[in-house]
Amino acid sequence: MKELLLGNQAIARGAWEAGVKFASGYPGTPSTEVIETLAKRFPETNPRWSANEKVAFEEGMGAAIGGLRVLVTMKHVGLNVAADAFMVFPYAGTNGGFVFLSADDPGMHSSQNEQDNRFYARMGKVPVLEPSDAQECRDFTIAAFDLSERFATPVMLRTTTRLAHHKGLVEVGERQEVQQKEFKPDPRRFSVPIYRRLSRPLVEEKLEAMRAYAETCPLNRIEHSDSSVGVVTSGISYQYVKETLPNAAVLCLGMTYPLPPELLRDFCARYETVYVVEEGESFIEDTMRAIGISHVRGKEIFGVIGEYSPGRLRKSLGMGDLPEPAGGDGAALLPRPPMFCVGCGHRTVFAALKQLKVIVAGDIGCYTMGALPPYEAEHTTFCMGASIGTAIGLERAGHEKVVAIIGDSTFIHAGIPALIDSVYNGSKLTLIILDNSATGMTGAQPHPAAGKNAGGEQAPAVNLEAICRACGVENVAVVDTWDRVGVVRAIRKAVYHDSPAVVIAKGPCQMLPEMRRREIAPYYVLEELCTKCDACFKVWCPAIIRTENDFPKIIEADCTSCTVCAQVCPTDAILLRENSQGDRFLQISEDSIS
Amino acid sequence: MTEHIYNLMFAGVGGQGSLLIAEITSIAATQAGYDVKQTEVHGVSQRGGSVETHVRFGEKVYSPVVTPGEADVVIGLEKLEALRFAHFANPSGGLILANDFEIIPGSVAEAEKKYPHQALEHLKDAGYSLEALPASGMARDLGDVRMANVVMIGALSTLLPIPLECWQKALRVRLPARYLQGNLKAFSSGREVLLERQRLGEFQQSPIAE
């Protein structure tokens, strides 16, 4: 039977079919749908959102050593967080099959950098599988478990954005029940630091055995042809090669580490011109050159930056230009810059920060948009949890009033150690935690402070206020994020405090299912009372538009009843619809704060 | 079944449901026995940003990505987005199917003044083959402006070699039961508008089929 599946859904399907009994991950584009699909469709894989990727990896490592088949998922930068565990696990090797997804994001659609994680695999000496379509996402996931158990090694499944986020028809199968493997306690194997010198040579032996296996690995597919052109490729780029050079011979490498030297030499010797087409860095290409294949053209013509596409290959190969946009180039055409959703609770916080004119160190989440107009109230953003450490450093560099701003999920992920450090080392910084009970940017997944697990069931919620106090912060304020004046007051008070202070701005993400499904009593503008002072426009709510007569108008179908525009209106011209059920929104907000 | 690979580009604003109708189209093409691939590109914001969704179907489809200049139909759910993605239309035979509807970007200063209100006229003048319909108005008359997206695929259905029953099945598969009846009406009204124009000879574009 064939199903139309997203690459990520096909990976989830493959994991289920392969008999996975434990799955963990942290949300991150473009990897998120794997755990989501497992949670929705395949609960017998025991899927969970973990506090961060390192914890997810370590939980998976434990479950695999304990004898289960395990899938761990993360985006490319997630592996930076999990790298400590990742680098040492191969020394012990796995017991049950251990496969981890590294979803790379060339083009940085929703990432802070580009990063080709195949280099991690080389550094950690673990094999890499790269599917090239949705069918292979399912097939290679299953094959990855067999490979993992065959060589007792963790296996990296590497995808890129277009592979993860395209849909294709997938022939699916049934779940195989895989017997749990016995765990035999063995300090010489599993206590790596003590016995590292014993394990070290085994890592090299295993790598050589995998290199030999790669020569005949069925995941490396050869399509010979009469053409003088041969192409070595991997991943989604294979599809672009088939569109652009339909007659060329193709070696599609399904296993891109370790690479098979003989297979590559033999393939390339048959063709006069050889192109290497791989998204990301010159990973395959470098190895080919290193083993003496010199008639190769790759990154010099296709480039290392951004996503590939058939159009890009065509241009790079000098096969013709593409039509230009009809409305002029991107700059000439009116853009639709990213912005906070209607009713997003982050708005009031950034409005306050803009007003206070403080230095703001930001973090990873929707609130990176606070750096954009109209707020321009976020001055640094680097990586998960970096806001607090950066703020401590900025303060030490002589900046008086420094604010760190971080989401609830990101705070749990990587913010807590830095907050402890700010107390320990005598910082005076202000930390604002945007507590919306969701990992918002990736689609409002639950996290350890949200009160729900990955499957949407009730779960214990850690108390962020109590965590901050336990870290040693004495001044912790909790405010309703839609209470405009309350937010300003709380932040102002915290900024002028001479010890670390935390403001928790609380209110659920509008993308949460319970927020989207609730009945909403919208607000409207009573033109008789409106003086066209434009104060409501400065809330920058996308649901407020201008009429032909210059009055503000609220798109009632979009209004979330957040009340912020009504709070700023000096003439009380913004009113709740009378025939509605009352302000449902405020009820929810009050419940969530109690 | 021909060897032609059908290339469709759905362009809209986050919240308009362009991804949903691209999915319905993909399911309908699957029902008709085609190989199908689909992909979408959107920015970091959940709502209010440009959303482009690519659908390709035929006997054997490799890339999920539509190349500029190769789309058989660009489905613009909004005028500015139709303009932004018009160059994806194939210069020989490609059509832009546009919803005559404006969404002013919320966070751009003086967006109303900068908005290209003459976008569709501009495209016609530039030589693009374009068919506009008031899908949002039609959907509002049917009771819910949000069904404009389904009105648009009703119109699209007259241009593609996918049998009507495959479209209807796709709508049933993809839409919640409580919205189905309204959306089937929206689909029919979009389809009727284009069929009527074809009957009256106002619209020369024949189905791309075969």
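**Two sheets and a chain contact**

In this predicted model, 37 residues of chain A are in contact with 44 residues of chain B, where contact means that the C-beta atoms of two residues, placed from the backbone, lie within 7 Å. The side of chain A that touches chain B is made up, by class, of 22 nonpolar, eight polar and seven charged residues; here Ala, Val, Leu, Ile, Met, Phe, Trp, Tyr, Cys and Pro count as nonpolar, Asp, Glu, Lys and Arg as charged, and the others, Gly among them, as polar. Among the elements that give two or more residues to this side are strand 8 (166-171) and helix 10 (237-244) of chain A, helices (H or I, at least four residues) and strands (E, at least two) being DSSP runs numbered from the N terminus. Strand 8 of chain A is joined by three bridges to strand 2 (residues 35-42) of chain B, and the two run antiparallel, with A:Gly168 standing opposite B:Lys37.

Residues are numbered from 1 along each chain as its sequence is written, and chains are lettered from A and ligands numbered from 1 in the order in which they are written. Because the model is predicted, local features need pLDDT of at least 70 and side-chain atom pairs count only at pLDDT 80 or more, while totals for chains, interfaces and linings use all residues.

Within chain A, seven strands form an open sheet of mixed pairing in the order 3-2-4-5-7-6-12, two strands being paired if DSSP finds at least two bridges between them. Strand 3 (47-49) and strand 12 (255-257) of chain A stand at the edges with a single partner strand each, so one side of each has no neighbour in the sheet. Helix 4 (residues 76-92) of chain A lies across strand 4 (70-75) and strand 5 (98-104) of chain A, at about 115 degrees to strand 4; axes are lines fitted to C-alpha atoms, for helices over the stretch in contact, and angles run from 0 to 180 degrees between N-to-C directions.

The axis of helix 4 of chain A also comes within 8 Å of that of helix 9 (residues 192-214) of chain A, and the two cross at roughly 70 degrees.

A second open sheet of chain A has five strands in the order 15-16-17-19-18, with parallel pairing. In this sheet, strand 16 (residues 402-407) and strand 17 (residues 430-435) of chain A pair over five bridges, and A:Ile406 has A:Ile433 as its bridge partner.
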